Amino acid sequence: MNFLSLFVLIPLLMLLSLWLVKGTKGIRAVMVVGSSALLALSIYLTFAFLAERAAGNTAEMLYTASFTWFEPLHISYSVGVDGISVAMLLLSGVIVFTGTFVSWDMCKEYFLWFTLLSMGVFGFFISIDLFMMFMFYEIALIPMYLLIGVWGSGHKEYSAMKLTLMLMGASAFLMLGIFGIFYGAGGQTFNLLDIASHTGGATLIEFSQQCIWFPFVFVGFGVLGAMFPFHTWSPDGHASAPTAVSMLHAGVLMKLGGYGCFRVAIYLLPDAANELSWIFLILTGTGVVYGALSACVQTDLKYLNAYSSVSHCGMVLFAILMLTSTASTGAILQMLSHGLMTALFFAVIGMIYHRAHTRDIRELNGLMRIIPFLSVGFAIAGLANLGLPGLSGFVAEMTIFVGAFQNADLFHRVLTIAACTSIVVAAVYILRMVGKILYGTNVNPDHAKLHDAHWEERLAIIVLIACIAGIGLAPSWLSNMIDASVSPVMEQIQAVASTVSKSNPFL
Amino acid sequence: MDYSQFLNMSDELSLLAVVVILFMADLFCCGSENSTKPSKALSLIAVPLLLVQTVYMLVNMPADCVTAFGDMYLSAPMMTVVKAVLNIGTVIVFLMANVWMNREENQVKQGEFYLLTLFTLLGMYFMISSGHFLMFFIGLELASIPMTALVAFTKKNQESAEAAAKYILTALFSSGLLLYGISLLYGTCGTLYFNDMAAVMDASNWVQLAALVLFISGIGFKISLVPFHLWTADTYEGAPTTVTGYLSVISKGAAAFVMFVILTKVFEPMVENWNLLLFWIIIVSITVANIFAVRQNNIKRFMAFSAISQAGYLVLGAMGGTAQGMTAMVYYLFVYMVANLGVFAIINIVEQRSGKLNISDYDGFYATNPKLSFIMTLCLFSLAGIPPFAGFFSKFFIFMAGFKAGFPWLVFIALVNTVISLYYYLLIVKAMYIKKSDTPIARFSSDGYTQIGLALCAIGVVFAGILSQIYQYFDSFSFGLMP
Amino acid sequence: MITINCFLILSALMLFIGVYGFLTRRNTLAILISIELMLNAADLNFAAFNRMLFPEGQEGYFFTLFSVAISAAETAIAIAVMINVYRNLKNNFVENLDKLKW
Amino acid sequence: MNFTYTIFILLLPFFSFLILGLAGKWLSHRTAGIFGTLVLGVVTVLSYFTAFEYFTADRVDGVFQTLVPYNFVWLPFFDGGLHFDLGIMLDPITVMMLIVISTVSLMVHIYSFGYMHGERGFQRYYAYLSLFTMSMLGLVMATNIFQMYMFWELVGVCSYLLIGFYYTQAPAVAASKKAFIVTRFADLGFLIGILFYGYYTGSFSFDFTNTAVYLNGAMPGVGADFSKAIAGAGFILPTALFLMFVGGAGKSAMFPLHIWLPDAMEGPTPVSALIHAATMVVAGVFQVARMFPLWIQYAPETLHIVAWIGAFTAFYAAAVACAQSDIKRVLAFSTISQIAFMMVALGVCLPEGGYTDNHASLGYMASMYHLFTHAMFKATLFLCAGCIIHAVHSNEMEFMGGMRKYMPITHITFLIACLAISGIPPFSGFFSKDEILVAAFHYSSAMGWIMTGIAAMTAFYMFRLYYGIFWGTENVEYHEHHTPHESPAVMTIPLILLTVITVTVGWILPGSFGSFVSATGEAYHIHLDWSVAGTSIVIAVIAIALATYIYSGVRQPIAEKMKATFPALHKWAYHRFYLDEVYQFVTHRIVFGIFSRSFAWFDRHVVDGFFNFLAWGTNAASYSIRTLQSGRVQQYAFVFLLGVLVLILMLII
């Protein structure tokens, strides 16, 4: 048994014990133990991975294991990690851990779905078999419906339904794309590595085939990555979701999209990526600016943050499509960074909402005086969001911009510069929000006596801030780790697809 | 004459034995009208007997294709597997029927219920194993005629009567056309033995093409494919819930399998033609049914439309007539059966306990009956194709088969339709979990039989996908039926 | 000279008269009679094909025999159902069977 | 010689920030203040020691060595040979800036002890100060342009936090937001400039020795890229440098990006002294100076654009300063004007003989010199203003007048600083401004006369301010309620110290500044050009006299008459020529009002509407086709039959 499977096994055990235990204490105990175990495991994995790499193991994926699952269909249970997945697993570990503490007072059913969601997420990141990946992807999606629908707020039924249907619609595209890849590569293996390297019975996917399936896969994952114009599930979904679910969703689930785009669309269909990236570059570039500008006029904190997520996640896809190893590394860093800071943001917003019963910017005022701890957390999340050096956002954005600038043609230049403007707009909406709700004087007597964060909330906030600052201050180990996995892919693209995209009218 | 060839029909004979035993039991145990005791005995006999017979079939399975009566009867291991699958479904139906059978007005009729059900099952057996259109036709009718009686089982109920009338009228109409189609086949081929027909089939012969269409329409009626489906919703709504459950999986599944077999065996030279037909039938079936299902309020009617669209997915496995498609179809049937019967078992128990049949009645169901609604959720998710439940695997495999057969766009349309189907399945989930109700279905406990049935369904839904052995087991028998 | 075509034309006529009857008659019993016409059209086909085209075998005849038996059974149960309908509706007009719809 | 200890110049304030920021809640005001000040004291000592060691070290080829005690790859980039380094670089201007920053910062730390006494958030204040000091030091010690950008952003945030220190007051919050967003907007230019620069030169480093090589396409890997070399040599580098300058213009409040600085005066006054007068706002000048070798060699024409922008800004700000009534705003506009002087000085440098010609590049030295002296006397002015505000509890001149009798120390120090800024010998401002004028005349006499005129305006508005505060009409009524009093020693001592520097730095070491800092690094001996100096002195004196004539009396008929004669001019100047309103209109009405709102609308109603339409369409379809399921069995059969016929036709045709 490969130890990566523990990432799925632990949530399974958690599910089982949650089912068995009774009482709040028992549930909390299970959740805390389980999520700590997951966090510890992901940290251990990171160290082990780095040690292994340092020892000179340059295999594309480490800790790989493969067991035949559906033999007649060539489906296997295959796991393995590279730098990207390790980073994502670490992120998931942190978010699940903090999410547990943020949803401290929730009931058993909530945690059941929550854990199922976590299982999907972890499973997705350890999979290197397309079928498994897709399965875990969907496992992660469906609990969202109930989590939002039952424990959400506002137009929760509508939002939950919309979110679920749009994401499932995307998975329809995705599934077709996966079939296309599978049969395009000879129909002998679902294993990513084999398909990418044409081993294990896989053959090179024909260029024309690639061009058909690339949009399917990219849209399929892109919807989850909030790609314009398929992002509208995100504001509603986030606004209605309970705190920890927003965290998990924005923090991890949306990363499935970016990760999938890279791992499947780019990695397996490099020629098509080179040929067709321009279409999606325009879409994602638009999304980056559009999301940021839309965020400026929102009045609901969660909507604001959701649109900001659209912008930031758009940046992830945008960077991936730049097809340079720096930009892609930046994309992964941005995923990490956005995951952490949005989780922090949503956590704090949720806590404020829990206390003040409103998320309307116009109704909140002067919170800094009333609930200083939460306010500081909020401000730090905001600063990270607008890319303050020393926090993670800066690192990611700079890497992306430098990487994107490696494409010297006017088309890429214009888009890159347009994307750069989003950091100015980000400053606008973040400062507007911070200025309105934290600063000033509170005029609402109901808000005068709000209590500051409890210990479990503090723990969650501190852990997240520590991670954000950690990445922001010492990014190179992470960046190197990610790049070691990104650059072979990009080299492959540059090697096989040195031609300029013929279909791009702007070149 | 070699009487040993009867042994090749051991599946049918063993089922017949079960029927006879039950008949006897009904005759002798249920004789007195005043006695209520024996009722329990009958279901106590029926379920284990059927299980034993299932095991017997599987154990006694021939290693290869066998025939009897000069190819009139054909059987292959896969067919036995399908029969066993149908048996399991029937067992679940019997389990859930128990609470209904124990109602006062039904106690005297329960022998009839079991016998009629088993006779339709026998008809399906023959249909599946037929090697000749006569055998097929007899099997089909044997499956249809008792079914009418089952649909009309609650005599005093106007809806039940109407449902039966619609069923029998449409059935007769379709069998009239089917029979005419078979006659055309006979006229052009000179034989109705499956094994001989493929050789004389000709895709340019329009009479044969017309016969193909008539055949598909006749069997499409049983599978309830659009546009031959219109009876379905009315009949499902009017029929007793248990019977609806039976109708929605067992007879449909058997017919779909038979269609697959006959299309690949008999109409093999016309594969292009029937691919074209099925292509459009599947698209229309899935889409129309989904669109209808969206706004249903009666849950049985809703499940009828769901069943129509599921039938579309089921038939997707037949596209191109590949071995992979066959496995995928049988597997899909199995998974669909488990999940659908789970849903019907719950609908049935709710109806029996509270008399409520509308989706809006399920508001707040989770608050009062968490376990039932949890199982219902599992089953609905499985129907919608959500992992890790079995429905995901079956859908994936059937789409994969469709893709491999060369129909990516058909698969795509089907995939997009899964979104709509997810929507309406979620409507029920929403009713149970999210909506609040002033008059929810009261808390109740279900009877032991239903509990066992639900447990079986839940186990099936959860494990039939993850445990790849089941699929591989099916796959290992997918030989011998393809030309 | 009576050729196979005569039979075919006759059976086709019977089929379509049956279909027409099915689609237009109000009385359910009349509809059942129409269905009998359809079934008999097919039976006639079988017999004619066997006699005219494939006289060496007996498949058609047998099919006809079985088919007749089956249609008898079908009709029997159909009539039973109609009686049941009549008992519930106090008439047997097909347009009254419209409680279940939409 | 190694300067490894310089790392502590950065680390100490950082730790101070961490400790004060995290544990501040549990510290008393006193402890926090003393702790912060002590740490800064150590930093100052280290800075001076560094300066001492650096400037006493031997020159190599007549040039102070550029030393890099630390440099490591902080964030690797994987394409184009780029990497984001962090490190410490010491060269003359860095060392000079170390002294400026640590000195002013220390003074402000001490001063704040009195000024912020008893304020809520005292610990927070000191934490921010520490963070700012660290960031500013990091900015000047940067080894590469990206590191500079990083600390550039950090000082921006510190500025934001400190302007908004009184966060319960709406104007402070608005001002902080404005400051951050405007500079952020400018930084966009900086960032893009960096990206261009990095891409075409293959390096972010300030070590320009390779740049030329890169640009000529001789570096391995880069040389192959012909287009890169062509682009780099011709058009790209000036563009990149100008974009960087845009960032600098934002920070240094060049027109039209200056609008945030006057509003930034909402922050505590010591903060204005430190950030918005002495250090952060000169970052733009420092940046241009840092990239100076490239400017002068590759983009001299562009550099002159910088000069003209500077000249216009200087004029504009001086004009506005003449009409302001808020003393801090006057100082703010004066700051803008003076920084523009520095920009002009850089801009007027001529490329004759390349940048090896110290004489042609006199402006560089003058600019740095002025930066240095300006920091001292402007800090003095602001700190004095702080004392006055502390005493009067208002920024408006109408509450002042006749303050000289209440606050003698403040009065004297303010006067000296005013003389210095007006360019009266022997105060430091005279020497540095004179060099700027010389450089301007060297460039063109037009520029020279313009700058001389603006210098006169400077003298005028400064003395208008001086008389308005200390002489003029006294608001007796108000002063009876609140009798103003001299500030405590902890506030006056920094004033005196800074004044001492202001007084002495010019004439104790006349001409020696050039031996430390010059464009080439070779010693440049400053010699006064008396024709220029004489003119400027005369003009300044006339301007002062004019101000005295108009504003020194208790009654000011001329001032009022002027106001009455040119009401529109005064009004426009008072309202800063309505630039803020224009910005307000463009950003709020156009960008957010039109673009954002329509995007948001588009998102909800078109994009989202499309998906809702899909859902609605499905439902509507469901209702519209329900008649298909009419409940009539004959119709069912008909559809059945129709289906069969259609299928048959499909096959046969």
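Trainee: How many residues does each chain bring to the contact between chain D and chain A?

Mentor: In this predicted model, chain D brings 40 residues to the contact and chain A brings 46.

Trainee: Which elements of chain D supply at least two residues of the side that touches chain A?

Mentor: They are β1 (67-76), α5 (145-163), α6 (170-201) and α25 (579-624) of chain D. The largest share of that side comes from α6(D), with 13 residues.

Trainee: How do the residues of the side of chain D that touches chain A divide by class?

Mentor: On that side of chain D, 28 residues are nonpolar, five are polar and seven are charged.

Trainee: What describes two packed helices?

Mentor: Two packed helices are described by the angle between their axes and the distance between the axes. Take α17 (residues 390-404) and α19 (residues 448-466), both of chain B: their axes lie 6 Å apart, at an angle of about 45 degrees. That angle makes α17(B) oblique to α19(B).

Trainee: Which residues make the contact of α17(B) with α19(B)?

Mentor: From α17(B) come Ala390(B), Phe392(B) and Phe393(B); from α19(B) come Gly460(B), Val461(B), Ala464(B) and Gly465(B). By class, five of these residues are nonpolar, two are polar and none is charged.

Trainee: Where in chain D does pLDDT stay under 50?

Mentor: It does so over residues 216-228 of chain D, for which the model has 16 contacts beyond four places in sequence. Chain D as a whole averages a pLDDT of 82, and 93% of its residues score at least 70. For the complex, the predictor gives an ipTM of 0.90 and a pTM of 0.91.

Terms used
Residues numbered from 1 in each chain as written. Chains lettered and ligands numbered in written order. Predicted model: local features only at pLDDT ≥ 70, side-chain atom pairs only at ≥ 80, totals over all residues. pLDDT = per-residue confidence, 0-100. Contact = placed C-beta atoms within 7 Å. Axes fitted to C-alpha atoms, helices over the stretch in contact; angles between N-to-C directions. Helix = DSSP H or I, 4+ residues; strand = E, 2+ residues; numbered from the N terminus. Parallel < 35°, antiparallel > 145°, perpendicular 65-115°, else oblique. Nonpolar A, V, L, I, M, F, W, Y, C, P; charged D, E, K, R; others polar.
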